[in-house]
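Ready for a little practice with aromatic rings? Have a look at the model below, then work through the exercises at your own pace.

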Amino acid sequence: MNYKTQAKILMKKILIPTFVFCSLLAAQAQFTAGNLVVLRDGTGSAALSSAGTAIFLDQYTTAGGFVNSLGIPTTGATALVNSGSAASEGGLNLSANGQYLVFAGYNANAGTASIANTTAAAAPRGVGTVDASGNYTLAATTSSSFSANNVRSGTSDGSGNYWAVGANSGAVYLGAGTPGAVSTTSANNRIVQDIGGNLYFSTGSGSSRGIYQISGAPISGANTAVSLINNGANASPYDFAFNASMTVAYIADSDPFTNSSTIGGVERWSFNGTSWAFNYSLSLGTNGAVGLAVDFSGANPTIYATSANGNSLFGIVDTGAGATGTLLDTAGANEAFRGLDFSPTPEPSTLALGGLGLAAIGFFRRNRKV
């Protein structure tokens, strides 16, 4: 078989499908691993209110450079919106396998009045996902949980199971099984994550405010949530992050850290082998924090946070108790920054196909020299 014949076969079987695939991906908003993604409420054209409000996922470099924005559908069967004035909503987290951004909202049209006060039968509460190529899916909904109140965040194991938290319903399973509460130890919660096969959530309600753990990732039953980190009766914890060994934790607290208050801003906690102890808080000036993402890879962890007032994105290198935040970007008028996490990583199949395309191109170039 001569070179020209080989090239034609290669073009038909490998290169053309690969180029078509890459072109389709290029037409979508894509996320780059290592970048930040901020969940933003509001289009900027109208003041934020309690009505159903458009959700955007804004991508930034870790230096604060804006990259692109992906809008979530605001009408139709897959619509997902937030309450524009509810600062407790809009949590954003990566799935346990790192391949999807996961967030919660209302499966209703933008503009729906007093969206958090609607019944779940009229405006189902839902969990949405977005992958590294920008593909959005309304993954699961419930027509009973969080009825007439806020749904705040969602999580996933990346294998078709989803959980959500918010007001009045505890931790709720929304996957392929029967939807319903899997723990009501704390009914009024804020952020939920699947970490290492266990569920963790934050609550700012009651006297034991802080981070709770549900062993395993249950899809049914009345499971007890155990208080892991108790921030105290006056704390207001939102998002959180653990290092790989589960010995250091950072917690976003919506109360600002000031000289007269030891807890607020971004809190650092450490595990001594028996219990978790508060170390110190990192200041965001006059702001508290709600969204959080932490890079533990360096000698000093780098923390990224969104402010409780929805206005700002900060970065902090944790060099100790005196470290303070650096402003990376500011939300526009009639917009609010809510949740925050790192960009999702591509699925292995996508990486393999990309590698196949590169291998094919390499083969073509090598044989062209013959």
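The exercises below deal with aromatic contacts in this predicted model.

**Exercise 1.** Classify the pair formed by the rings of Phe 103 and Tyr 136, and work out which parts of the chain the pair ties together.

*Solution.* Start with the total: the structure holds 12 aromatic pairs. For Phe 103 and Tyr 136, the ring centres are 6.4 Å apart and the planes meet at 25 degrees, so this pair is stacked; the cut-off for stacking is under 30 degrees. Next, place the residues: Phe 103 belongs to strand β7 (residues 100–106) and Tyr 136 to strand β9 (residues 136–142), so the pair links parts 33 residues apart in sequence. Finally, check accessibility: Phe 103 is buried at 0%, and Tyr 136 is buried at 19%, where buried means under 20%.

**Exercise 2.** Do the same for Tyr 250 and Phe 296: how are their rings arranged, and where do the two residues lie?

*Solution.* The ring centres of Tyr 250 and Phe 296 are 5.9 Å apart with planes at 40 degrees, so the pair is tilted. Tyr 250 lies in strand β19 (residues 248–253), while Phe 296 is in the loop between β22 (289–295) and β23 (302–307), so parts 46 residues apart in sequence are tied together. As for accessibility, Tyr 250 is buried, with a relative accessible area of 1%, whereas Phe 296 is partly exposed, at 26%.

**Exercise 3.** Find which residues form one aromatic cluster, then find what sits over the ring of Phe 56.

*Solution.* The cluster is formed by Tyr 200, Phe 240, Phe 242, Phe 271 and Trp 276. Over the ring of Phe 56 sits the charged end of Arg 40, 4.3 Å from the ring's centre.

Technical notes: Residues are numbered from 1 along each chain as its sequence is written. This is a predicted model: local features need pLDDT of at least 70, side-chain atom pairs count only at pLDDT 80 or more; totals for chains, interfaces and linings use all residues. Side-chain values use heavy atoms; hydrogens and water are left out. Rings of Phe, Tyr and Trp (its six-membered ring) pair if their centres lie within 6.5 Å; planes under 30 degrees apart count as stacked, over 60 as edge-to-face and the rest as tilted. Helices (H or I, at least four residues) and strands (E, at least two) are DSSP runs, numbered from the N terminus. Buried means under 20% relative accessible area, exposed over 50%, partly exposed in between (1.4 Å probe, protein chains only). A charge sits over a ring if NZ of Lys or CZ of Arg is within 6 Å of the ring centre and within 35 degrees of the ring normal.
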